[in-house]
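Colleague: I am new to this structure and would like a short tour. Could you take me through it?

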Amino acid sequence: MAYSMSNEDFENAASEALDNIPERLLDMMDNVVVFIEDKYTPLPNEDPETSLLGLYDGVPLTERDDGWGAGALPDKIIIFQEDTLAACSSRAEVIAEVQITMVHEIAHHFGIDDETLHQLGWG
């Protein structure tokens with residue numbers, strides 16, 4: 001079922017997916033950058049077969065205090081290209097999957113946990 005596309009095509013598809021995120025939502029984000037990486041590398045305590053489509057690495061807005069911003073590096077949302085392509089069979093699916101993954105990781109930026117996201121259908 002894996003879909004194949006060049007790095008440039010994937011970046012364009014990811015950009016298109018990001019363009020589909022409501023601007024109002026994007027405007028509420030603070031100090032976040034989006035990266036595309038090849039493949040998720042499981043942590044030592046994880047199953048070596050673990051595959052992720054995306055990852056939020058940062059401090060959620062709900063956990064920031066008044067002194068947080070001084071010198072803080074941007075939060076990161078990482079989209080994993082190979083893992084995403086392995087789950088898709090068309091360009092349209094890639095765009096949809098990246099959009100769902102982006103919404104999921106943006107939700108983590110806003111402090112929403114995985115359990116709640118699953119309940120809302122964004123798991």
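Modeller: One definition first: a residue is called buried when its relative accessible area is under 20%. Please also keep in mind that this is a predicted model. By that cut-off, both arginine 64 and aspartate 75 are buried.

Colleague: What links arginine 64 and aspartate 75?

Modeller: A salt bridge joins arginine 64 to aspartate 75, and their closest N and O atoms are 2.6 Å apart. Arginine 64 sits in the loop between β2 and β3 while aspartate 75 belongs to strand β3, so this pair ties together parts that are eleven residues apart in sequence.

Colleague: Which network do the salt bridges of Arg64 and Asp75 belong to?

Modeller: Asp30, Arg64 and Asp75 are joined into one network by salt bridges that share partners. The side chains of arginine 64 and aspartate 30 meet at 2.9 Å, N to O. Aspartate 30 is in the loop between α2 (23–27) and β1 (32–37), and arginine 64 in the loop between β2 and β3, so the two tie together parts that are 34 residues apart in sequence.

Colleague: And is aspartate 30 buried or partly exposed?

Modeller: Aspartate 30 is partly exposed, because its relative accessible area is 37%. Arginine 64 has 15% and therefore counts as buried.

Colleague: How many salt bridges are found in the whole structure?

Modeller: A search of the whole structure finds four. One of them pairs lysine 39 with aspartate 83, with 3.1 Å between the closest N and O atoms. Lysine 39 lies in the loop between β1 and β2 and aspartate 83 in helix α3, so to speak of distant parts of the chain is fair: they are 44 residues apart.

Colleague: Changing topic, where is glutamine 81?

Modeller: Glutamine 81 is in helix α3, which covers residues 81–86. Its relative accessibility is 7%, so glutamine 81 counts as buried. The side chain of glutamine 81 also makes a polar contact of 3.1 Å with the side chain of asparagine 7.

Colleague: How do the side chains run along strand β2?

Modeller: They alternate along residues 54–57: Gly54 and Tyr56 are buried and point to one face, whereas Leu55 and Asp57 point to the other and are not buried. Strand β2 runs antiparallel to strand β3 (residues 75–80), and four bridges join the two. Within this pairing, glycine 54 stands opposite isoleucine 79.

Colleague: Lastly, which residues form the nonpolar patch on the surface?

Modeller: Ile100, Leu120 and Trp122 form that patch, and together they have about 280 Å² of accessible area. Tryptophan 122 counts as partly exposed, because its relative accessibility is 35%.

Key
Residues numbered from 1 in each chain as written. Predicted model: local features only at pLDDT ≥ 70, side-chain atom pairs only at ≥ 80, totals over all residues. Heavy atoms only, no water. Buried < 20%, exposed > 50% of the residue type's maximum accessible area, 1.4 Å probe, protein only. Polar contact = N/O pair within 3.5 Å; in protein donor to acceptor, adjacent residues only side chain to side chain. Pairing = 2+ DSSP bridges. Patch = residues over 30% accessible without salt bridge, like charges linked within 9 Å, V, L, I, M, F, W, Y side chains within 5 Å. Areas by Shrake-Rupley, 256 points an atom, 1.4 Å probe, with all protein chains shown as cover.
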